[in-house]
Amino acid sequence: MKVTVVGAGNVGATCADVLAYREIANEVVLLDIKEGVAEGKALDIWQKSPINLYDTRTVGVTNDYARTANSDVVVITSGLPRKPGMTRDDLISTNAGIVQSVTQNIVQHSPNAIIIVVSNPLDVMTYAAHITSKLPRSKVIGMAGILDTARYRAFLAEALDVSPKDIQAVLLGGHGDTMVPLPRYTTVGGIPVTELIEEEALNAIIERTKNGGGELVKLMGTSAWYAPGSAAAQMVEAIVRDQKRVFPVCIKLEGEYGIDGTYLGVPVVLGKNGVEKVIELKLNDQEMELLHLSDKHVKEVMAVLDNMQSGS
Ligand SMILES: NC(=O)C1=CN([C@@H]2O[C@H](COP(=O)(O)OP(=O)(O)OC[C@H]3O[C@@H](n4cnc5c(N)ncnc54)[C@H](O)[C@@H]3O)[C@@H](O)[C@H]2O)C=CC1
Ligand SMILES: O=C([O-])CC(=O)C(=O)O
């Protein structure tokens with residue numbers, strides 16, 4: 001299995017490292033536009049292989065898409081991260097052009113690849129990659145839900161003083177303030193979370209999760225990379241090992257949840273064909289209302305992209 005990671009910055013290099021040391025692919029190609037960066041980081045990861053005992057070949061290239069040819073999966077992390085004071089949506093004008101030109105090159109050299117978008121604003125960049133690639137929706141998907149649920153699970157594990165391994169959760173919606181965590185679908189070792197934590201404490205954790213990316217931007221001056229890079233690698237693993245994992249993933253909705261044409265995070269089954277099934281939960285009125293608010297927000301940012309492209 002061959003996996004390409006575009007963008008050898010913080011998230012891309014972390015993702016390539018996880019793909020290599022967990023031997024998720026036989027070959028990982030790391031590509032960046034900046035001369036030497038991908039080569040250097042790929043060489044560093046390869047030099048770690050005798051220490052951490054893996055044999056995934058890791059290669060770095062500067063904009064040489066021929067070297068990425070026939071990749072099975074491509075992860076797109078190229079683009080600017082936000083700085084303190086910015087929203088993810090502020091990145092649209094720089095990142096849309098980057099994601100679209102990268103997607104064109106990828107599809108030309110790896111027409112059968114499954115594309116995982118990471119660049120922000122995530123839902124709209126997934127839209128940008130999808131319309132550029134002209135691939136089926138099951139093959140152009142975005143990573144955000146695994147990260148957002150991981151933050152939620154980590155905060156809950158801390159509050160309850162239990163292992164994060166035992167916390168299962170799902171959330172829906174866009175990757176931003178309008179994401180929809182679902183306490184009704186959150187369990188701790190099979191026990192509904194609402195039996196273990198007060199409503200006020202749970203609400204505080206939900207709020208912290210919604211602002212999870214911003215909390216890190218404020219601390220570091222740039223956005224997160226360890227959890228995002230690992231989350232993207234987990235999606236790659238589900239695909240290349242045909243694991244049929246159930247993850248929240250950003251995909252174009254086509255009537256599910258009463259939403260048509262918006263790119264939003266929903267639970268799916270992820271396997272060798274990409275998204276093999278979109279799971280439709282039976283939401284209550286309040287959850288459905290929150291999801292539709294998220295839909296409204298993402299639609300507005302999708303319209304910004306449409307207007308940029310039509311020059312208006
Ligand atoms: N979906 C999610 O949950 C998350 C998304 N992100 C997003 O991921 C993106 C990357 O974040 P970082 O890795 O922290 O940024 P970074 O600045 O460390 O790395 C970005 C890399 O992209 C490269 N690049 C720029 N234009 C390119 C092009 N045309 N072709 C190839 N490479 C190009 C840059 O040279 C740089 O090395 C950002 O847009 C960020 O907002 C970050 C964390 C989580
Ligand atoms: O917050 C950001 O800009 C990066 C991101 O999407 C995240 O860490 O959730």
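Helices (H or I, at least four residues) and strands (E, at least two) are taken here as DSSP runs, numbered from the N terminus. The model on screen is predicted.

**Stop 1: the two domains**

Colour residues 2-142 as domain 1 and residues 145-307 as domain 2, the two parts into which the protein chain is divided. The centres of domain 1 and domain 2, taken over C-alpha atoms, are separated by 21 Å. Where they touch, domain 1 contributes 36 residues and domain 2 contributes 35 residues.

Now select the side of domain 1 that touches domain 2. Elements giving two or more residues to that side are α1 (10-21), β4 (73-76), α4 (92-109), β5 (114-117), α5 (122-133) and β6 (140-142). Of these, α5 has the largest share, with 7 residues. Coloured by class, the same side of domain 1 shows 22 nonpolar, 6 polar and 8 charged residues.

For domain 2, a selection of residues 147-302 follows the UniProt record, where an unreviewed entry lists that range as "domain: Lactate/malate dehydrogenase C-terminal". Over residues 147-302, helix accounts for 44% of the chain and strand for 24%, and the C-alpha atoms at the two ends are 22 Å apart.

**Stop 2: ligand 1**

Select ligand 1 and expand the selection to its surroundings. The shell around ligand 1 holds 35 residues, and the closest are G9, V11, S78, N120 and P228. Helices α1 and α4 each supply at least two residues of this shell. The largest share, 4 residues, comes from α4. By class, the shell around ligand 1 divides into 18 nonpolar, 14 polar and 3 charged residues.

Where does ligand 1 lie relative to domain 1 and domain 2? Ligand 1 lies between them, because domain 1 (2-142) and domain 2 (145-307) both give residues to its shell.

**Stop 3: ligand 2**

Move the selection to ligand 2, which is surrounded by 14 residues. R82, R88, G213, S223 and A224 are the closest. Helix α8 (residues 212-220) gives the most to this shell, with 5 residues. The classes in the shell around ligand 2 are 6 nonpolar, 6 polar and 2 charged residues. Ligand 2 also has residues of both domain 1 (2-142) and domain 2 (145-307) in its shell, so it lies between them.

**Stop 4: annotated positions**

Next, highlight the positions that UniProt, in an unreviewed entry, gives as "binding site": G7, A8, G9, N10, V11, G12, D32, N95, V118, S119 and N120. Two of these are worth centring in turn.

Start with A8, in the loop between β1 (2-6) and α1. Is A8 buried or exposed? A8 counts as buried, because it has 27 C-beta neighbours inside 10 Å, and the cut-off for buried is 20 or more. Leaving aside residues within four places in sequence, show its contacts: A13, L30, D32, V37, A38, K41 and G60. One of these, D32, is itself among the UniProt "binding site" positions.

Then centre on N120, in the loop between β5 and α5. With 29 C-beta neighbours inside 10 Å, N120 also counts as buried. Apart from residues up to four places away in sequence, N120 touches R82, R88, L91, N95 and M125. N120 is one of the residues closest to ligand 1, while R82 and R88, which N120 touches, are among those closest to ligand 2.

**Stop 5: A96 on helix α4**

Go along helix α4 to A96. A96 has 23 C-beta neighbours inside 10 Å, so A96 counts as buried. Not counting residues up to four places away in sequence, A96 touches A128, L305 and M308. To add a distance label, pick the C-alpha atoms of A96 and A129: the two residues are 33 residues apart in sequence and 8.6 Å apart in space.

**Stop 6: a sheet of three strands**

Finish by showing the backbone of an open sheet with the strand order β7-β10-β11 and antiparallel pairing. The edges are β7 (167-168) and β11 (191-192); each has a single partner strand, so one side of each is left without a neighbour in the sheet. Strands of a sheet pair through backbone hydrogen bonds, either parallel or antiparallel. Between β7 and strand β10 (residues 187-188), the antiparallel pairing runs over 2 bridges. Label I167 and, opposite it in β10, V188.

Key. Residues are numbered from 1 along each chain as its sequence is written. Chains are lettered from A and ligands numbered from 1 in the order in which they are written. This is a predicted model: local features need pLDDT of at least 70, side-chain atom pairs count only at pLDDT 80 or more; totals for chains, interfaces and linings use all residues. Two strands pair if DSSP finds at least two bridges between them. Domain bounds come from an automatic or database domain assignment. Two residues are in contact if their C-beta atoms, placed from the backbone, lie within 7 Å. Ala, Val, Leu, Ile, Met, Phe, Trp, Tyr, Cys and Pro count as nonpolar, Asp, Glu, Lys and Arg as charged, and the others, Gly among them, as polar. UniProt positions are given in the numbering used here, feature names are shortened, and annotations may be inferred rather than shown by experiment. A residue is near a molecule or strand if its C-beta atom, placed from the backbone, lies within 6 Å of it. A residue is buried if 20 or more other C-beta atoms lie within 10 Å of its own, exposed if 12 or fewer, and partly exposed in between; C-beta atoms are placed from the backbone.
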